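User: I'd like to go through chain B of this one with you. Can you tell me what the labels rest on as we go?
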Amino acid sequence: MGDDHQGHDAGTVVSSDGSSRHHDMNGDGHGTELDADLREQLAVMAARNRELEDEVLEARHAQLLNRDHVVGIEAEIGRQNADILRVSADLRRLQGREKRLRTRKAAQAKRIDGLEAKLVAARRRNAALTRRVAELEASIPPPSLARRVVRRLRRSGR
Amino acid sequence: MSAPLFSIVTPVYQPPLEVFRETFASVVAQEFTDWEWVLVDDCSPSPEVRDFIREHATTDPRIRLVERADNGHIVKASNDGVDAARGEFLAFLDHDDLLTVDALDEMAHHIADHDDVDYLYSDEDKADADGNLHSEFRKPRWSPERLRGQMYTSHLSVMRASLVREVGAFREGYDGSQDHDLALRVSERARRVVHVPEVLYHWRAIAGSAAADIDAKPYATIAGQRAVQDQLDRLGIKGRVGQGSEAGRYVIQRELDPATRVSIIIPTLGSAALVFGERRVLVEETVRSALARTDHDNVEIVVVHDSPTPAAVLDRLREIAGDKLVLQEFTKPFNFSEKCNVGAMRATGDRLVFLNDDVEVISERWLENLVGPLDEPDVGLTGAKLYFSDSSIQHAGHGYWGQHYHHPFRFRTREDSGPFGELVVNREVTGVTAACAATRREVFLGIGGFTEALPSNFNDVDFCYKVNHHGYRTVWVANCELFHFESQTRDGTVQAWERHFVVRRWGIPDEDVFTPASVASPMMDPHRLLDSRIAAPPRVREKRRPKTTR
């Protein structure tokens, strides 16, 4: 492929108004025909060039979108990992607290059991003592009339 | 005796004894005990403080007094302290300031967490003459760009001693900003810089001190400007450093390589609106002002226009931008992200600037300042300072905290410098608005551009998260100023699913590491204020009884 031809392919020999630098040297009209062909060819190629440029832009844009998607997913994973770490730390803290509370609960239950046993024994002892007091009171003879009168007088404050 | 972990270095020159006693007490009260204290008396005229130190040095071997034969000023005295120090890390303490009791303990914990840490700095506040604490400065995560704008790390700074010596310690000729200069040089070589988000230092603010008023030492700001310029020169960053709007703040005018091709991508519908009392086609003024206020010539303007954009508007754009204009028709339903992506695909520049069509550039050299920071390979995104039409702030960087995405400092005035200079210095931020943002082409492609799943809202938030996720810094540029006639062109209603999309990717925003919520609260929204006044029940005026004449 010659240089001139390459220039045509690249569209570099066309001036800004689209006219070709090839001039009709013979003046027989053949050149004009050639120019028209070239212009048509160039227009097609320019259109194709624009299409390709648009395609490249679209492909780059698609790549950008894809990159954003990937970065977004990375971010979500990062955020989720951070959440997992935070939640795991919270979980560990809560588990520790639960363990401490469970131990404390067991100790409290044991203490309650002990206290309940003590309470039962105390109630039993109390009942026995109450019975004993009743027995002793029953065994004491009633006071004499004179003593009863004295007590009443004392209570009345005379 | 083995070397301690910390050497506290304090140059001493004639502090009031009662003030120094408090400083002294704050050091000896440290919970962490593996330290030494190197006090360098810079030939104080009065012997009382010197005697006080001598007396304590005899009973506590951790306290060492270095006595200078002449008054060498802060740099020489500090360097004597550095020379005498035996510790692995140097902690710098001024002779009238106070450490919190846990200061060294906190630092030690962070050193233990990171083997490679070379520089640590903490939050700080100020103590007045009565001992009241105020002006708590909650600092950002390590922000190299902000350090160029102001000495924000200052107290408490702890540096690896070997690195301080490697860079030549404090430099003569930088008095007053010698700490800023050292921080810049150390941070350039530091393997890791760590922010300790606790107040560990009370900076004494008494009349005449730099803490109370930096104007008290004007020579310091001149030295600071030189220190920052030196860093730019060392790092090969093209730019000129100037004084900022207040003392101790510095602005950088960036320069762009003429070979750097910049593509400005503007999505538009070609709509018109009333601005400053005139009806204008917004995109025309956007393009006109963008080209007028830059000296950079290697620019293309990629206008992505919806099909209904009037042909007359496109013609006028051709007149304004000439051969710099690239028109790209967009025939699909509205999707801001897709329009930006289409524009970016069409663009040929190495630097991509995304610009809304409802902005007007205010500041000269806006493009150089916006795009310049992207020459640093770890900067992935830059953003601008945007104002509403009443010149109140619309955007000074994003802040993501408390389950929401915020515009910190919104509605503050244009003259406001922010609580700690946030509004007048360039600084690292978590995000910036895409209304005006710049990135490098390879960063844009690497992160997948704007997500088209978010056609309207939060696409910039997601974009910023992606930039950060890929390890790049986002820099907000204070000296790139534009009006943003926001909501002139679209409805700003946010849908729940849009928020869910971002949260699904990036989680619920909790704390912002660059703009702490405590310093970033916006001013009262004037529109909300107006709403509440309109909604309030009208005040009924009691009818005045006519005065009766007897």
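User: Before that, into which domains is chain B divided?

Analyst: Chain B splits into domain 1 (6-237) and domain 2 (262-532); those bounds come from an automatic or database domain assignment. A word on the ground rules: this is a predicted model, where local features need pLDDT of at least 70, side-chain atom pairs count only at pLDDT 80 or more, and totals for chains, interfaces and linings use all residues. Residues are numbered from 1 along each chain as its sequence is written, while chains are lettered from A and ligands numbered from 1 in the order in which they are written.

User: What makes residues of domain 1 and domain 2 of chain B count as being in contact, and how many does the contact take from each?

Analyst: Two residues are in contact if their C-beta atoms, placed from the backbone, lie within 7 Å. The contact takes 10 residues from domain 1 of chain B and 16 residues from domain 2 of chain B. Taken over C-alpha atoms, the centres of the two domains of chain B are 40 Å apart.

User: Why is B:His73 called partly exposed?

Analyst: Buried needs 20 or more other C-beta atoms within 10 Å of a residue's own, exposed means 12 or fewer, and partly exposed is in between, with C-beta atoms placed from the backbone. B:His73 has 15 C-beta neighbours inside 10 Å, so it counts as partly exposed. B:His73 lies in helix α3 (residues 73-84) of chain B, and has a positive phi of about 75 degrees although it isn't a glycine.

User: And why is B:Phe411 partly exposed?

Analyst: Because B:Phe411 has 19 other C-beta atoms within 10 Å, it is partly exposed. B:Phe411 sits in the loop between β22 (404-406) and β23 (427-428) of chain B. B:Phe411 also has a positive phi of about 75 degrees without being a glycine.

User: What makes α11(B) mostly covered?

Analyst: In α11(B), 11 of its 11 residues are buried, among them B:Phe336 and B:Arg346. As for the helix label, helices (H or I, at least four residues) and strands (E, at least two) are DSSP runs, numbered from the N terminus. By that rule chain B has 17 helices and 25 strands.

User: How many residues does the contact between chains A and B take from each?

Analyst: It takes 16 residues from chain B and 14 residues from chain A. On the side of chain B that touches chain A, α11(B) has the largest share, four residues.
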